Amino acid sequence: MKIFLDTANLEELRKGADWGIVDGVTTNPTLIAKEGKPFAEQIRRISEIVKGDISAEVVETQADRMVQEGRELARIHPNVVVKCPLTREGVKATSALSKEGVRVNVTLCFTPAQALLAAKAGAYIISPFVGRLDDIAYTGMDLVRQIVAIYNNYGFKTQVLAASIRSPVHVVEAALAGAHIATMPLKVLEMLFNHPLTDKGLDQFLKDYQKVFHEAPVEG
Ligand code: G3P
């Protein structure tokens, strides 16, 4: 499963990319607005930090204008994937952009029926929002499982990106569900490393080594 960071913050991206395990980035208008920098410039700077797909979302809501905006976003960098919302106009724009070879991430997906429409429109990625469904007492990961099953039934090439990830459990469940990608805030990625027995075991190894060799381990 690919690991993406769900942020437009350059500091967070540098920290995550430094571990060598981040495969891409997702942004949305809220995350871009939070940085307060010119959109295209921010996406360009992100592409210098993470060498993978970067999702950049249109803010137009009418299909023809979304297509125009999508073409402009795709011209920012070859790694840009254009994000379109799962509305009637968004699906129409996805169909048009996909036919032109522009890769589209269809976002704000909350039902398997919506995901079916996105795949039929030629979407490169579909983004079911797990955490936002959990917020209203649904089991958001069921949506990921259903979409993976439907896409496998018909051989759709659309990648399933588990979005609105809130915890390490979401990441593990997304992998078990067969999601192609999980996108998460830096703080969730950081939690994936944690286990007390790993820390305790390393402490003991180092103590045992120093007891015998009375010297600090060779620093890399
Ligand atoms: O970027 C899309 C999505 O992952 C945002 O999720 O619910 O954390 O705002 P949320």
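In this predicted model, the side chains of Lys15 and Glu190 meet in a salt bridge, with 2.7 Å from N to O. Lys15 belongs to helix α1 (residues 10–17) and Glu190 to helix α10 (residues 186–191), so this pair ties together parts that lie 175 residues apart in sequence. Side chains of opposite charge can pair in this way when their charged atoms come close. In total, the structure holds 9 salt bridges.

Attention now turns to the ligand. The space that the ligand takes up is the largest pocket. Around the ligand stand Asp6, Asn28, Lys83, Phe129, Arg132, Ala163, Ser164 and Arg166. By character, this shell divides into 4 charged, 2 polar and 2 nonpolar residues. Asp6, Lys83, Arg132 and Arg166 make up the charged group, Asn28 and Ser164 the polar one, and Phe129 and Ala163 the nonpolar one.

Three members of the shell place polar side-chain atoms by ligand oxygen atoms. For Arg166, a polar side-chain atom lies 2.8 Å from an oxygen atom of the ligand. Asn28 likewise has a polar side-chain atom 3.0 Å from a ligand oxygen, while for Lys83 the distance between a side-chain N or O atom and an oxygen atom of the ligand is 3.4 Å. With a cut-off of 3.5 Å for a pair of N or O atoms, each of these pairs counts as a polar contact. The ligand taken alone exposes 310 Å², and the protein buries 83% of that area.

Notes:
Residues are numbered from 1 along each chain as its sequence is written. This is a predicted model: local features need pLDDT of at least 70, side-chain atom pairs count only at pLDDT 80 or more; totals for chains, interfaces and linings use all residues. Side-chain values use heavy atoms; hydrogens and water are left out. A residue is near a molecule or strand if one of its heavy atoms lies within 4 Å of it. A polar contact is a pair of N or O atoms within 3.5 Å; within protein, one must be able to donate a hydrogen and the other to accept it, and residues adjacent in sequence count only if both atoms are side-chain atoms. Accessible areas come from the Shrake-Rupley method with a 1.4 Å probe; for residues, only the protein chains shown count as cover. On a 1 Å grid over the protein atoms alone, a cavity is a set of points where a 1.4 Å probe fits but cannot get out, and a pocket is an open set with protein on both sides within 12 Å along at least five of seven lines; lining residues have an atom within 4 Å of a point. A molecule sits in a cavity or pocket if more than half of its atoms lie within 2 Å of its grid points. A salt bridge is a side-chain nitrogen of Lys or Arg within 4 Å of a carboxyl oxygen of Asp or Glu. Helices (H or I, at least four residues) and strands (E, at least two) are DSSP runs, numbered from the N terminus.
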